[in-house]
Amino acid sequence: MTADENNEPPSAIISFAKDNITVRKQAEKLSANLHLPVVPGAKKTSCEIVLFFSLIGLELHYNKTLRGKLHIDFDAADLTYRKQHGGGIKQPLARAIGIKANIRPSILDATAGLGIDSYLLASFGCRVRMIERSPFLAALLNDALQRIQCQNPLLLHGEAEALIAKAENRVDTIYLDPMYPPRGKSALNRQEMRIIRALVGDDDDADRVFLTALRHAAKRVVVKRPKAAPLLSGKRPSHVIKMKSSRFDVYMV
């Protein structure tokens with residue numbers, strides 16, 4: 001599919017570094033999956049989003065009001081450091097999920113985002129599936145997993161509520177980290193999170209996904225929230241694990 005097929009410029013295109021056969025093939029494959037045109041060598045265009053294949057992998061360039069880019073690298077130094085020195089199974093995320101010395105629950109991360117939490121949980125030895133509704137973030141996640149030849153976590157693309165409801169086998173823990181409530185201009189999230197919000201919206205279905213998770217989790221549902229944010233659906237958790245600026249609401253089912 002080429003950009004010439006439409007008179008109006010698309011809101012998103014796929015591009016790649018010129019004169020590289022490997023990334024050209026990757027771009028063409030993603031074009032077929034997302035039904036987006038391919039424009040070689042175009043990072044800065046009138047399009048809102050450019051999915052750009054470079055030698056380091058897939059990048060998402062956001063070219064409108066939130067100028068910036070997203071790139072997922074599970075081998076990044078900061079993530080490697082967190083895996084090695086972040087507290088292991090004693091860190092708040094692992095404790096909230098239900099990981100113990102001899103227990104590795106199966107996990108469904110219903111709001112994958114950049115996949116960091118899913119990847120960390122998989123590194124602890126848990127079997128993890130992660131759901132991402134945005135086709136753009138799903139493409140970034142898929143590329144990052146392919147680069148490290150990793151099948152755990154397993155990526156699912158679609159709407160969390162529907163995928164949770166139709167799953168044949170229950171998982172031990174369903175994890176939700178919905179978009180935080182929007183803040184005022186004086187306290188804007190970092191650029192990366194602002195771009196993610198632009199891609200996925202405000203997760204207005206968070207309460208519905210949460211209630212569906214409560215019906216389908218085998219053991220617990222864990223919700224990450226800002227420290228002062230209201231409870232999802234007003235439901236009081238079984239217990240709470242507090243951190244400096246956020247908390248994990250844990251619901252035993």
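## Two open sheets and their packing

In this predicted model, four strands form an open sheet in the order β1-β2-β3-β4, with mixed pairing. The edges of this sheet are held by β1 (12–16) and β4 (68–70); each has a single partner strand, so one side of each is left without a neighbour in the sheet. From one strand to the next, the twist averages 25°.

Within this sheet, β2 and β3 pair in the antiparallel sense, and Ile49 stands opposite Tyr62 in β3. Helix α5 (residues 135–147) packs on the sheet and touches β1, β2, β3 and β4. The direction of α5 makes about 155° with that of β3. Helix α7 (residues 191–200) lies across β2, β3 and β4, and runs at about 75° to β4.

A further open sheet has 7 strands in the order β7-β6-β5-β8-β9-β11-β10, again with mixed pairing. Here β7 (154–157) and β10 (239–242) stand at the edges; because each has a single partner strand, one side of each is left without a neighbour in the sheet. The twist in this sheet averages 20° from one strand to the next. Among its pairings is that of β5 with β6, in the parallel sense; Ile107 has Val128 in β6 as its bridge partner.

The two strand pairs described above are set out below.

| Strand | Partner strand | Sense | Bridges |
|---|---|---|---|
| β2 (residues 49–54) | β3 (residues 57–62) | antiparallel | 6 bridges |
| β5 (residues 107–109) | β6 (residues 128–132) | parallel | 3 bridges |

Conventions. Residues numbered from 1 in each chain as written. Predicted model: local features only at pLDDT ≥ 70, side-chain atom pairs only at ≥ 80, totals over all residues. Heavy atoms only, no water. Pairing = 2+ DSSP bridges. Helix = DSSP H or I, 4+ residues; strand = E, 2+ residues; numbered from the N terminus. Axes fitted to C-alpha atoms, helices over the stretch in contact; angles between N-to-C directions. Contact = heavy atoms within 4.5 Å.
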